[in-house]
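Colleague: Got a minute to walk me through this one? I'd like the overall picture, then one residue.

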Amino acid sequence: MAFWDSLLGNISPDISVDMGSYTTPVLVSGQGKVFSEPSYLAYDKIQRRVVAIGAAAKALIGRTLPHVEVLRPIREGVIADFDGTALLLKYLLKLANPKGIMAPRMVVGVPGDASDVECRAAAEVARSAGARTVYIVPQLLASAVGAGLPIMEAQGHLVVNIGGETIQAGVISMGEIIVSECLRWGSGRFDEKLVTYLRNSHNHLISLANAEELKISVGSALRGQLPISGGVCGFDLSAGLPKRLSVDSEQIAAQLEEYLEEIAQLSKRVLEATPPELAEDIMAAGCVLCGGGALLRGIDMYMNRALRIDCYVAPDPLLSVVLGADMILKDPRLLRSVMNRSLVSL
């Protein structure tokens with residue numbers, strides 16, 4: 001089977017997919033480019049048809065008539081709407097335009113605690129999008145590979161993946177996830193918290209999209225640092241008029257503290273369950289942070305202080321899963337190791 005997959009790989013592309021709750025990146029092996037779109041669909045309830053996909057659908061949030069509903073077909077890292085996810089994936093593959101005379105192999109990353117039913121749903125969606133063979137791999141393992149960790153060595157590596165609706169922490173050694181834990185919420189809660197804070201404390205109403213922009217531009221995980229200020233457009237509920245409000249990174253850090261503490265506690269629980277020999281490796285090698293949430297300014301320093309080990313952000317945290325999945329497909333030893341312990345291989 002490995003021989004035939006290798007041979008067919010020369011005449012059909014290999015595709016890696018990270019089905020994210022907010023963004024779905026797709027990498028076509030050999031093209032050197034990742035095609036990424038927001039995981040949104042706009043559905044016209046009167047005409048009963050999808051009117052926009054990806055970025056075009058996300059742009060319609062709050063800007064269209066009530067009968068056009070903007071949906072996210074992927075929730076908590078797994079498929080909530082099969083047909084919607086299939087449409088999204090087909091759209092992404094059309095953008096990527098993989099060239100080949102045969103259907104591709106496809107590897108799809110899923111949360112480590114995904115059930116067999118959730119994994120099979122992901123595999124079926126990939127098949128419906130045109131995949132020849134589908135491999136399902138844990139996102140934690142793929143992100144470790146994508147971050148450049150030598151996971152096949154007899155050495156412990158601590159990985160924390162902070163996604164939009166899932167947070168995963170685990171220790172990896174010899175190609176296996178030794179211990180792990182997953183939270184079914186993610187950095188999307190940061191945005192929700194900022195919306196609530198500005199409404200309750202400043203009587204200022206903003207959208208989740210504006211909250212996300214504020215988090216990216218001036219957000220921070222650390223308090224007591226030199227603050228950075230930025231403005232956010234919204235609606236002054238007292239005056240009933242649009243208004244631009246100034247917010248600084250100190251305010252944002254204070255609001256995110258409870259969630260960051262939960263991430264730190266998750267990582268501590270994983271470390272407590274880690275065998276002593278691997279814990280010694282982690283003390284020396286540190287912890288790598290992946291996922292979109294790892295882009296929050298100062299989160300590496302926050303985790304340093306909480307875990308008392310060196311923590312650093314992966315070179316490309318948003319794309320760690322698809323980059324790692326692509327590397328797994330290219331390396332027969334890695335693929336064999338991962339598939340031996342994979343949730344599903346079709």
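**Overall fold and one arginine**

Modeller: Sure. Keep in mind that this is a predicted model. Of the 346 residues in the protein chain, 51% are buried.

Colleague: How many helices and strands are there in the protein chain?

Modeller: The protein chain has 12 helices and 19 strands. Its radius of gyration is 21 Å, close to the 20 Å from the globule rule for 346 residues, so the chain is as compact as a globular protein of that length.

Colleague: And what box do the C-alpha atoms fill?

Modeller: Roughly 70 × 60 × 35 Å, along the principal axes.

Colleague: What share of the contacts join residues at least 24 apart?

Modeller: 65%, counting contacts between residues at least 6 apart in sequence.

Colleague: Surface next. How much area does the chain expose?

Modeller: About 15700 Å². Carbon and sulfur atoms supply 54% of that exposed area.

Colleague: How many positive and negative side chains are there?

Modeller: There are 32 positive and 37 negative side chains. The centres of the two sets lie 6 Å apart.

Colleague: Now the residue. Where is Arg 120?

Modeller: Arg 120 sits in helix α4, which covers residues 116–128.

Colleague: Why is Arg 120 called partly exposed?

Modeller: Because its relative accessible area is 48%. Partly exposed runs between the buried cut-off, under 20%, and the exposed one, over 50%.

Colleague: How far is Arg 120 from Ile 136?

Modeller: Their C-alpha atoms are separated by 8.6 Å. Along the chain, Arg 120 and Ile 136 are 16 residues apart.

Definitions and conventions:
Residues are numbered from 1 along each chain as its sequence is written. This is a predicted model: local features need pLDDT of at least 70, side-chain atom pairs count only at pLDDT 80 or more; totals for chains, interfaces and linings use all residues. Side-chain values use heavy atoms; hydrogens and water are left out. Helices (H or I, at least four residues) and strands (E, at least two) are DSSP runs, numbered from the N terminus. Buried means under 20% relative accessible area, exposed over 50%, partly exposed in between (1.4 Å probe, protein chains only). The radius of gyration is taken over C-alpha atoms; the globule rule is 2.2 Å times the number of residues to the power 0.38. Contact means heavy atoms within 4.5 Å. Accessible areas come from the Shrake-Rupley method with a 1.4 Å probe; for residues, only the protein chains shown count as cover. Lys and Arg count as positive and Asp and Glu as negative; His and the chain ends are not counted. The place of a charge is taken as NZ of Lys, CZ of Arg, CG of Asp or CD of Glu.
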